[in-house]
Amino acid sequence: MAIKTKIISICSEKGGVGKTTTTINLAGGLAKRGKEVLILDLDQQQNASHALGYVKDGRPTTAELIYNTVAGIPIDYAEAIRTCGNGVDYIPSSPMLTNITGTIANDTENDSNFVLRRLLFNEVFAEYDYILLDCRTILDLLISNALNASDYVIIPVDLGIYAYNGLDKMLDKVASINNTTNRSLRVLGVLLNKLQLTNVKTSLAESIRSEYSELTFKASIPYCPAQTELAVLNQTSSVFDERSSLGTAFMNLTDEVISIVEE
Ligand SMILES: Nc1ncnc2c1ncn2[C@@H]1O[C@H](COP(=O)(O)OP(=O)(O)O)[C@@H](O)[C@H]1O
Ligand SMILES: [Mg+2]
């Protein structure tokens with residue numbers, strides 16, 4: 001049964017926690033489960049774009065789509081959407097995204113909080129079951145736009161000493177969005193990433209789980225650097241190895257996401 005398109009931001013103000021890794025592997029998992037999936041790269045560093053096989057091609061990126069939406073210039077969405085081998089579609093980013101907040105803030109005719117929401121309102125996006133927004137590592141106007149356009153947010157947490165800090169800031173941001181511009185935004189889950197069986201990491205994971213029990217995904221992602229790199233490389237041709245520990249973890253996450261979203 002087709003579901004209404006669900007838009008999910010993968011977001012944290014902390015860098016290196018696994019936002020991009022989660023975005024591309026969750027997208028791969030959802031595609032494996034037969035879902036139509038689109039990724040929007042909202043980070044000028046283009047990590048997701050490159051992982052998905054993007055090479056500069058002169059076609060529109062997320063930056064041009066945002067510029068044109070603000071300027072009211074018609075957009076050829078078909079030109080902007082690329083397809084990669086594993087059935088995941090994506091719109092890459094570009095360095096132009098770096099200073100995009102000035103442009104968004106200039107959106108005088110409409111509300112600058114909802115530029116991305118208006119953009120995603122186009123009917124081409126209704127073809128997708130899931131749209132994943134790979135957010136950059138700063139909670140600025142672009143990322144507020146992402147959260148205002150989203151039904152859900154996934155918050156990856158890496159188990160370092162500042163884990164709580166990033167998580168609390170993110171939860172405050174969601175609360176403030178809930179109170180102002182998007183009442184229906186929900187935390188889909190806090191994702192414990194880079195799990196290692198050391199005493200410190202295990203006890204940190206347990207304390208996050210007990211403090212945020214309602215919010216934390218049952219699925220967690222083990223620390224496996226070699227497999228993480230391999231999974232990224234494989235995105236262009238096939239999906240990750242479902243039998244690897246990383247692949248198993250992301251399929252568990254995928255199934256948990258589907259069960260919550262499509263309940
Ligand atoms: N579960 C994991 N095991 C090992 N390395 C990981 C894992 N998740 C992410 N990484 C690595 O950590 C780094 C940051 O991950 P990334 O997804 O780019 O974070 P972000 O998008 O939040 O900045 C990358 O080098 C990535 O390969
Ligand atoms: Mg990233």
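Strand β2, residues 37–42, sits mostly under cover in this predicted model: six of its six residues are buried. The side chains split between two directions, with V37, I39 and D41 pointing one way and L38, L40 and L42 the other. Both sets are buried, so there is no open face to speak of, given that a residue counts as buried once 20 or more other C-beta atoms lie within 10 Å of its own.

β2 has partners in β4 and β5. With β4 (residues 88–91) β2 runs parallel, and four bridges join the two; in this pairing V37 stands opposite V88. The pairing with β5 (residues 130–135) is parallel too, this time over six bridges, and here D41 faces D134.

Helix α3, residues 62–71, also has a buried set, made up of T62, A63, L65, I66, T69 and V70. These residues cover an arc of only 165° around the helix axis, which is why they end up on the same side of α3. The general geometry fits: an α-helix has 3.6 residues a turn, so residues three or four places apart point the same way. What does this buried set pack against? The list takes in β2 itself, along with β4 and three helices: α4 (77–80), α5 (100–105) and α6 (115–120). Just after α3 comes G72, a glycine with a positive phi, near 70°.

Further along, past β5, the picture changes. I138 belongs to the loop between β5 and α7 (141–149). Is this isoleucine buried or exposed? It is exposed, because just 12 other C-beta atoms lie within 10 Å of its own, and 12 or fewer is the cut-off for that label. I138 still has company from elsewhere in the chain: leaving aside residues up to four places away in sequence, I138 touches E13 and I143. The C-alpha atom of I138 is also 7.6 Å from that of K14, although 124 residues separate the two along the chain.

Ligand 1 has 16 residues around it, and those that come nearest are G18, K19, T20, T21 and T228. Two elements give two or more residues to this shell, namely α1 (19–32) and α10 (225–234). Of the elements involved, α1 gives the most, with three residues. By character, the shell divides into nine polar residues, five nonpolar and two charged.

Conventions:
Residues are numbered from 1 along each chain as its sequence is written. Chains are lettered from A and ligands numbered from 1 in the order in which they are written. This is a predicted model: local features need pLDDT of at least 70, side-chain atom pairs count only at pLDDT 80 or more; totals for chains, interfaces and linings use all residues. Two strands pair if DSSP finds at least two bridges between them. Two residues are in contact if their C-beta atoms, placed from the backbone, lie within 7 Å. A residue is near a molecule or strand if its C-beta atom, placed from the backbone, lies within 6 Å of it. Ala, Val, Leu, Ile, Met, Phe, Trp, Tyr, Cys and Pro count as nonpolar, Asp, Glu, Lys and Arg as charged, and the others, Gly among them, as polar. The arc is that of the directions from the helix axis to the C-beta atoms.
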